[in-house]
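User: Could you walk me through this structure and tell me what the terms rest on?
Analyst: Happy to; here it is.
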Amino acid sequence: MTLGPVGARPAIFRPGWLRPYRYFAFRYKRTWRGTVTSSILYPVLYLVAMGLGLGHLVNEHLQAAHQTGRLGGVGYVQFLAPGLLVASAMQWGTNESMYPVMGGLKWLKTYHALLATPVEVRDLVHGHLAWVATRVGGASALFLTVLAIFGDVVSPLGVLALLVAVLTGLAFAAPVTAFTATQENDAALPVLYRLGTVPLFLFSGTFFPISQLPGWLQVVARATPLYHGVTLARSLVLGRVPVVDDLGHAAYLFVMLGVGLVLARRSFSRRLIV
Amino acid sequence: MSSRSALAAGFRPPLGSLSAALFGRGRARRLVERNVVAYKRRWWILATGFFEPFFYLLSIGLGLGHLVGRLELDGRLVDYAAYVAPGLLASSAMNGALFDSTFNVFFKLKIAKTYDAVLATPVGVGDVALGEVTWSLMRGAIYSFAFLCVMGAMGLVLTGFAVLCFVAALLVSFAFAGLGMGATCYMRGWQDFDYVSMASIPMFLFSAVFYPLSVYPGWLQVVVSITPLYQGVDMIRELDAGLLTPALLVHAGYLAALGILGLAVAARRLGKLLRP
Amino acid sequence: MQRAGARQEELSRHPGPAGEPARGGEVVVARGLTKSFGDFVAVDHVDFLVRRGEVFGFLGPNGAGKTSTMRMVSCLSPVSGGELSVLGMDSGASGPAIRARLGLVPQEDTLDLELSVRDNLYLYGRYFDIPRREVRDRVERLLEFAHLVEKAEEEVDTLSGGMKRRLTIARALISEPELVILDEPTTGLDPQARHLLWDRLYRLKQEGVSLIITTHYMDEAEQLCDRLVVMDKGKIVASGSPRQLIEAHSTREVAELRFGVDENAAVASKLTELAERVEVLPDRVLLYTEDGDEAVQAAHCLGLRPEASLVRRSSLEDVFLRLTGRSLVE
C-alpha cells in the first residue's frame, strides 16, 4: 500500500477516513477471491431455490386461484429478487461489522495500531463504514447484474436499487458496529445473528408481502429498516415511479444510519480511548 | 521395568488397540461432561440455536405457505406448513450437529489447544473423537426434540409416528456430527469453514426441504437424492406421513454409515495431528 | 497439598548430593532415546535417568530437543528409537497408565478458554476419572496452592501470564501425580511471578514429588535442579549437579571486560596469558580464572583500559558456552 510520505500532498486535502479506508482495502486484496464467491453465491442460491423452485409452486397456485395481484402482478422470482438484493445487503453490512470489528478491537488489535498513527477515532469509524459501503456496493452491483441477466430487473430505474442496497447495508452496519464495540468477546454475535438478522431476513417482506402476517406483526415489520429498504428497492426494480412513500422509506434509512453513526463513534471512543 | 522385548514391541501400537483408537477407552463421556459444564455459562448460545429453523417454519411455512397452497403428500393434500415441517426438523438436526462438530471442534483443536491438554491425561484420541461426536449428536437431538414439540403444538404432526421421526432426526444428527468432525480435522484455518457453508447452505435449500424432488430434471434428482440431508428429509417426511417402507432402512443405513465413516476419519486424523 | 504418609516420610530426607543414589529407584530411564520427524532428528540417542524425589533439569537453548524429549516422556509423542521407561512402565505400551500417574505442564498453557478457573481444574480431574466429590476437594486445595481462590469464577482469558502458569501447574497436580514434567515453566514471566512459581515447585519437591524441568534459564536450573543434563542439537553434552558441572567445565570465577565496540576481539589476543581460557563475545571478553580481581588488575597493568569490568562466579551459562561455543539465550 502506498500511504504516501507525509507532506507529499498537503494533508488538508486528504479526508481523515481515507487512511484507515486504504488500509482495509489493502488487506482485502489478499482475501477478495473467497469473499466474492461466498457473498454472491448464497443470494443466487436463494434466488434459484426459492424464486424458481418454490416460485414455480407459488405461480401455479396463484394463477389457479386468479390471485396474481397479490404479488403486484409479477411472477414470484421478480417479486423476490429485489427483496433478496436488499436483504443480502443487510447481511453483508452486518457481517462486516461483527467479526472484522471484533478482530480490529481485540484479536488483531488493528485499530489500536491505526490509532497510534495520526488517525483519529472518528476517522476510523468513518473509514470502516466507507469500506463497508464499498463492499456492499460491489456485491450488490454483482448481484444486480445477475438479476438483470436473469431478466428480473423490469425497469431501468432498477439501477437506483444499488443505492438503496448500499444505504440499507450502512443503516445496519453503523448500529451493529456500535454494538460490537461494546462487547468484550464475540459470544453475543451469533445471538445477534440468530435473533436479529435471521428474523429480519425472513419477516420483512423479502419472501412474501407483509400483508400475509397477522396484524400486530405487520406493525413490527413496518418498524424494521429492512422492510423499508426492501419496499423501496422493489418499487424501483419493478419500475414504479418514486412517490412520497418512497421518500419516507429512504428517510427512515438515513435516520437509522445517522443514529448508528453517532452510537458507533461513541462506543469506539469509549473502547479505544482509555 | 519392562523387558527389552516388551519395549521393542511397544513402538508400534498392537492391533488390539485399534478399536480403542477408534472408539475410545470409555472416557468419551468426559468430553461430553466438559461440554455440559462449558455450556452452563453460555446456555443462551445453546438456546438461540433452536430458533433459525423455527423462524423458517413461521416465515416460509406459514407466511409464504398461503401463497403456495396445499401440496400432495402420500396421496393426500396437506397444508404447505405441514409439508415443510419435517424437512425443517431434519435441518434442525443437521444444524445442531454442525455447530459443535465444526467451529467449536476447530477452536478447541487449533486455537485453544484444548485437546493437547486433554490428551496429557488418560483420555485417548478415540475418546476425544467419540465424545465430541456424541455431544454434537446430543445438541442436534435437543433442537430436534424442541422442534418436534413446536410442530406438535402447531398441529403439524401428521400421524402418531412422532417418536420415530425423532429417532430419524438422531440419525441425521449423527451423520452430520461425524462428517462435520471428520472434515474439521482436515481444516487449516477459519477460511476453510467457507466449505462448511458451501456444503450446508445449498443442501438446506435444495434437498427437498421446501418442495418435492419432482421439481428438478431427472439427473438433478439423482444428485440431490444422494445428499445426506435429502436422505434425512425424505425419511422423516415419510415417517411423519405414516409410511413404513423398506426404503427407510436404506436411508437409516446410509446416514449411520456416514456417521461412522466421519468418526473413524476424525479419530485417525486426530491421532496424526495430536500425537506426531 | 497434603500427601500420603509414604510421601511425607520422604520429606525428611534432605536432598542428598548428586550422584548419591536416592531411595525408591528411578522414575524415568531412557537409553538411546531418539525422536525424528522425517529426516530431521530432534532427539539423537540420549541416555538419562531420573531418580524418585529429585528435581531433574534439561538445560539448553531453543531447538535443543528438550520439548520433544518431554513429549516422549509424557507419552504424548511416540518414541522413534531407543528405550524409554516411565514409572516402571514401557512408554509405548502403557501410555494411558503412565499418563494417569504423571502431571504435565506444557510450554503453552493449553487452558480451556471456555471454562472458569475452577472448572478448568474440576474437569481436568474428571479426565482422570476421579470421583466428583474427591475432585471438588482437591480443586479447593489447589486453588489455594496456586493463589487463585479469588479468581476461581473468572474466565481464563482474564488472568495474567503468571496466574495462567500457576493454574496450569495446579491443573497438572489434580491427579496427585508421582512425577511432574514442566516444560519451560517460567518463560515469559516477570521476576516476581517467577519467584512465586519457584516457591511452589520447592513445596512440591518437599512433598516428595519427582520433577523434571526444562529451561533455557541457567539461574532457574541452578536454583531448582538437583541434577541436570545440558542438551544441544538433540544430544546430551554434559550431566551432573549444577556444582559438578561448573567445577568440571569452568573455573571458579569469571572476569567480564567490556571494551569499545569492535575492539573486543583485537584486545582479547593480549589477554590470553592472564586466564586459563578467554572467550570473546560480541559485546565483551570473558576471562576464566580462579581469581577474577587479579585478572582485572593484570589487564590494567598491561595498559588495557576496559570501559567496564565485572567479576562473578562461574555459572551454568559458562558451562554451556564452554561446551557448545554458544550462549543459551541468543
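Analyst: Chain A has 11 helices and zero strands. This is a predicted model, where local features need pLDDT of at least 70, side-chain atom pairs count only at pLDDT 80 or more, and totals for chains, interfaces and linings use all residues. Residues are numbered from 1 along each chain as its sequence is written, while chains are lettered from A and ligands numbered from 1 in the order in which they are written.

User: What makes something a helix or a strand here?
Analyst: Both are DSSP runs, numbered from the N terminus: H or I of at least four residues for a helix, E of at least two for a strand. Along the sequence, chain A reads α-α-α-α-α-α-α-α-α-α-α.

User: Why is chain A called as compact as a globular protein of that length?
Analyst: The globule rule is 2.2 Å times the number of residues to the power 0.38, and the radius of gyration is taken over C-alpha atoms. For 274 residues the rule gives 19 Å and chain A has 20 Å, which is close, so the description holds.

User: What makes a residue of chain A buried, and how many percent are?
Analyst: A buried residue has 20 or more other C-beta atoms, placed from the backbone, within 10 Å of its own. In chain A, 45% of the 274 residues are buried.

User: What counts as a contact, and how many residues does each chain give where C meets B?
Analyst: Two residues are in contact if their C-beta atoms, placed from the backbone, lie within 7 Å. Chain C contributes 33 residues and chain B 28 residues. On the chain C side, α4(C) gives the largest share, five residues.

Terms used. Buried ≥ 20, exposed ≤ 12 C-beta atoms within 10 Å, placed from the backbone.
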